[in-house]
Amino acid sequence: MYALLAIGFTMVYGILELINFAHFNVFMIGSFLGLWALEALGLSGQSQVLTGLDLVGALAFAFAVAMLGSGVLGVAIERIALRPLRGIPGTTGMITTIGVSYILFNIILLGAGAESKNYPNPMPPVRWDISGAVVDLREVLIWAITLALMAGLQLFVSRTRLGKAMRATAQDSEAARMMGVDVDRVIVAAFFLGSALAGAAALIFGLYYNYTSFLIGYSAGLRAFTAAVLGGIGSVPGAMVGGVIIGLIETLGGQLIAVRWTDVIIFSILVLVLVFAPTGLFGRASPTKS
Amino acid sequence: MAPGKRVLPSLGDATTARLRTLGVSLLLATAVLFPPLINNDGNVDAAANALSFAALALGLNIVVGFAGLLDLGYAAFFAIGAYTYGALASWQLHPAWSDFWAPFAFLDLVARVRGVGGDVVHFQVSFWLMMPLAAAIAAFFGILFGAPTLRLKGDYLAIVTLGFGEIVPIVARNSPSLTNGAQGLNGVIPPQIFGYSFGVSATPYYYVGLTLVVFLMFASQRFKFSRVGRAWMAIREDEIAAAAMGVNRVKFKLLAFAIGASFAGATGTLYVAKLQTATPEMFMFPVSVMLLVMIVFGGMGNVWGVVVGALILQILQSWFLQDLSGWINALGRLVDVEWLQHVQLASSIELIFGLILVFMMLYRRQGLIPASRRVAALTTEEQTALPTRGGFDNLQGLGALDDSRTGPLLEIKNLTVRFGGLVALHSVSLSMPAHSVLAVIGPNGSGKSTLFNAVTGLVAANEGSIRFAGEEIAGRSPHVVLERGIARTFQNLRLFPNLTVLENVLIGMHARLHAGAVKALLRLPRTQREEHEARERAMEILAVFGNRLIPRVDHVVSSLSYANRRRCEIARALASRPKLLLLDEPTAGMNPAETLELADQIKSLNRRGLSIVLIEHKLDVVVNLAERVIVLDHGEKIAEGTPAEVRQNEEVIRAYLGRSAAFA
Amino acid sequence: MITRRALIVHLPTAALAGSVLSRMTFAADKSVTIGINVPLTGSDAEAATQIKDGAMMAVDEVNGVVAGYKLNIMVLDDGTTTAGQYDPAQAATNARKMVADPNVVAAIGPEMSGSGKAMAPILSQGNLATITPSSTNPDITDPTFAGQFRPGGKAIYFRTVTTDAFQGPNMANHFARTLNVKKVYVLDDGGAYGVGMADAFEAQAKKNGIEVLGHDQLDPRQANYTTILTKIKGLNPDGLYYGGTSLAGIKLVKQSHDILPNIIKAGGDGVYSASLLKGAGHPAMDGWYATIAAPYIAGNPDVAPWIKTFNEKYGIGPSGYSFTAYDAMLVVFDAIKRLAAEGKPVNRDNMRDAIHTASVKTLQGTVSFDENGDIKDRTVSVFQYEYNDKYPVDDVIHQYKYLGVAPQTS
């Protein structure tokens, strides 16, 4: 799930070379959108369980709302806050995304309140016992959805015209422009896709942990960001791999050292990767001076 | 035209200066009289907090505003300063007493106290001692945290600093033996002066804060208008050009981090002494962001702007918004509108910060009080004046050029430069005697600029040797190369866009001046003299170009015409008193008249003893100026000789024009 | 340039002037100001509001007049968005504000001990008494730290709750003697309150012979506690103790329900909270124990009408600290009344003395303070969550079943 978030983030970076701080709070808003979608369907609390078509329908609706809503939000951010600044070198864009991030964060904080909200869990608590490990239907569904989304993204990027255009722009926007690619459109598409993925990740988060709050952008964001950097910023497969690795590190770190140091560990990894191996595992864009 | 409290005597309008001094004195008087006038300890406390944040903003301004290093974890240094004082002046640490501590007790730094199970050491280091000490410790951490970021681009640098900024409070929280963790330090000792303890009244802290802010502003201004400040701004504007002009990037970046951190360290001491406790939550990311918003809002790089920005935002948060909420609530009661009565604006301060940040970035990036001053436009006379040429004959600024050397000035052997799989230069060799002019020509992409980059150290040489005046310089840092006496201009112009003509040229002199940070701060007469002479030399060099640049000497270079910018870049290179000047297409974009003029000026330079290597496409310039020409194609030297020889060389003609013949 | 700068200078000056002017209160003939300092901004906002409402219940009951004195209530917020919760620096500023205003004769609050630590020295210098309904960190009234927290010498930090010196340890006693727990794992949420609770519990648990398998910290901003919970599961404890508030608590309750369903779980008064119930609820909360640092007030049938009035007025249920805040205000009123009866002026110094010698009948019984300002009654009540579908999910009073008084340390 960090992988999905990391992918969206890395997509935007690949094309714009812009670190988008706001991405993680788009994620947070996505989870609220999903929550409201589910509540609109009448689901709340842990008690109601749906099965079969009802379940699929409810989930599909929630995903649609979360993904579309987040996608639109991402595009809006790009249009309003980032497009006027395109082309200005340096950190101006990133600083603006910090500002946008703050705005989103506080809108939710002031609007929806500081406490965590309970996420409805419409999935039936079916479990399977596979050689000692207990696997929940919930987990299976979530993994399935995540993989499906990633596969869909891969297909899109490699097969469709827009996908190819995106990859081209990521490699060399000047050349792409000269080849007739509408770079503006590509950027909008990247933002939409990336944000929509964040929305999906957010809904998955809410369904899995059964809660959401205004803070989730921060912690998930840190891990997703490190995952993206670790995998090589700008590289989509890298983000996927990075996401898995970070998840592992988080678990192992908690087991072996202590949970309280997890954030420090992850930040340290971030710093170390950036300083010593800035291209990460798969990346091509070098963050050093040219 | 230097704003600030201390006006340089040789510059500036006297009346404006006097008005400024008057204004500042008035402000200072108000600030000093503030506590007794207001007579409300709560408000004085809020003001003291505002001053603390202004001091922090000043520190961040050095790192971000001056040096252009986006530090998102600045609050870490604040924490370090605070906890250092807290640990050494509270009941937090109490190791068992031993004789080791006796001399410290004698100095009254610690006390021997009865504890459970034996005597223990109670740290009570004086606040006045701790403030500079904490500043120094913070500076050390500034270097520590800054070091990994030296090679990183802007946003990655920001992320790494963000990382450190997060790690520090987490470590503080998880080290309860040192910091009492989340519960916060207990019993930090308030400062004492001449036996009088500050206690809990906010007023003495307010005055200390005021003094600190005034001192830090003073220091910032001093730095800004000194060699150190110029070096920082050069790094901010264009790091590569800065290095090529002799600025030791590593040293100055670390210096910026260190000095910036030290401001925070000192402020941390004050803040914690006033609060008498410190918790990790006080130093987390939102504090760093708030400081960033303050300097963006107030004007990055402008000392007054930053302070004003900090004070406005802090007062907004802790004072004005609460009152505004109260008025709105009262209004709500008046008109009986429910939600108005419960509005609490103070909680939306972060939302306001976000909005300010976005708004400022979109519409007014320079902030409230921009760093670059607007200069009076040229008078009509000046604008329509016929350009005159200067002359090189009176030019003192170039300095003596060593005549006694025998042997080639520049000797390159088998130089090979590879970029991944691409071979940009392949086994190129050349030898150039002193005081000559060498032209390098060749089709686009033949490696000419790469040759310059290799010589000046901007690009690493994979194989081969480059000897300058007998010394091997291949692989040395660009600023070292400049120090040795090689200066250059760039094909695509790398001036420092937001700095003035004069500042650009002064940065060229960076390697020949000596004032470091301490000297910049103290500004002893010797340093003042150095600066004065530097300015005079700069003006002389600019006079070479007649009246083209002199009237525009305080204009920001981005407002100059293209040709003037080229001239400015040359002037900047000349300012470093080079022995060898590398000019990369100096006449590109100039019309024939300008080209002719510049060619003449280059010739004069050479006559004065300067050795020159010239990359040029305009072959008439080459023929006019160069004694020898080398031709590069696809990274290899394909011909060498006098202009006449080269002109008729078959290979050369083929390289440029394919199989057709003539070439004029 | 000069014009713009003048504007920039004038704007804050104008704001300053405005604020100063608005502060000049018209001193009525006989009126006193009582400060209420709670973190209305940030993650504790809801609890803070419940405290403020509890105190205001008392004010409304007497229509704002006590013994002929008009009551001005000065509500101060010590939460800031920068901190995201209570902010000791803001608390200190608020304390200074109150001390600087001669009309303020007493104060209610703070909610959090972190603020209390910053405020106590300042209040002590100003000899301004404050009664806190919820700050439970024992250090502030501990005579060992008197030099730090009451440099003025006299007690000014009074409490209508008892301290964590008793809350955590008494629960440890309950674990040992009543619940027969042999092995326990301790968690806290990294905050000042939580760490204090967890540490005090752990110390007493060890003294009681319970084996403490470990003590780790949860990050309230994190979502996933399964790592630590799985680790705990591997260690096989009988019980889990959590010191902290609902921010981390909600996630802990939910996830431990999945991973550690059958062990005994308990927390302090941070768990006895409406937001926790709303966030976690049934079935995750089933079986959780909680303590509060006060006697069980809500179970008293005499209090029912009070609760009903509270619900109607404020739309939410009272928290455990709404009662103690109300009690605190009653103590203040009692002090005013006594001073008026004795003909003494109602000023800060007299109020402090009067409060210190108070013996007032309140919702929780008779409240009086010891020499340090702590409440004399050291009762810690123990509850267990039992889902009651007749009442709203976040109704603390009805969802928690009162078990009794936690055993004191003998």
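**Entry 1: ground rules**

Two residues are in contact if their C-beta atoms, placed from the backbone, lie within 7 Å. I note that this is a predicted model, where local features need pLDDT of at least 70, side-chain atom pairs count only at pLDDT 80 or more, and totals for chains, interfaces and linings use all residues. Residues are numbered from 1 along each chain as its sequence is written, while chains are lettered from A and ligands numbered from 1 in the order in which they are written.

**Entry 2: chain A against chain C**

I started with this pair and found 21 residues of chain A in contact with 22 residues of chain C. On the side of chain A, α8, α9 (216-231) and α10 (236-256) each give two or more residues; helices (H or I, at least four residues) and strands (E, at least two) are DSSP runs, numbered from the N terminus. I sorted this side of chain A by class and got 10 nonpolar, 7 polar and 4 charged residues. For the sorting, Ala, Val, Leu, Ile, Met, Phe, Trp, Tyr, Cys and Pro count as nonpolar, Asp, Glu, Lys and Arg as charged, and the others, Gly among them, as polar.

**Entry 3: chain B against chain A**

Here the contact takes 32 residues from chain B and 31 residues from chain A. Which element of chain B gives the most to the side that touches chain A? I found that α6(B) does, with 12 residues. By class, this side of chain B holds 19 nonpolar, 6 polar and 7 charged residues.

**Entry 4: chain B as a whole**

I looked up 26 helices and 14 strands in chain B. Of its 664 residues, 53% are buried, meaning that 20 or more other C-beta atoms lie within 10 Å of a residue's own (exposed is 12 or fewer, partly exposed is in between, and C-beta atoms are placed from the backbone). Among the contacts in chain B with a separation of 6 or more, 74% join residues 24 or more positions apart.

Next I checked pLDDT, the predictor's confidence in each residue, from 0 to 100. Chain B has a mean of 83, and 89% of its residues reach 70 or more. Over residues 1-11 of chain B, though, the pLDDT is below 50, and it also stays under 50 over residues 659-664 of chain B. A reminder to myself: where pLDDT is low, the predicted coordinates should not be read in detail.

**Entry 5: the largest nonpolar core**

A nonpolar core is a set of buried Ala, Val, Leu, Ile, Met, Phe, Trp, Tyr and Cys residues joined through C-beta atoms within 7 Å. The largest one has 444 residues, and those with the most contacts inside it include A:Ala200, B:Met294 and B:Ala571. Helix α8 (residues 183-209) of chain A gives the most to this core, with 18 residues. I followed B:Ala571 and saw that, not counting residues up to four places away in sequence, its contacts include B:Val505, B:Ile541 and B:Phe545.

**Entry 6: three strands of chain B**

Two strands pair if DSSP finds at least two bridges between them. Strand β7 (residues 437-441) of chain B runs parallel to strand β13 (residues 628-633) of chain B, with 4 bridges joining them. β13(B) also pairs with strand β14 (residues 636-641) of chain B, in the antiparallel sense over 5 bridges. I then picked B:Val631 in β13(B), which stands opposite B:Ile441 and has B:Ala639 in β14(B) as a bridge partner. The hairpin of β13(B) and β14(B) has 2 residues between the strands, and B:His634 takes a positive phi near 50° there.
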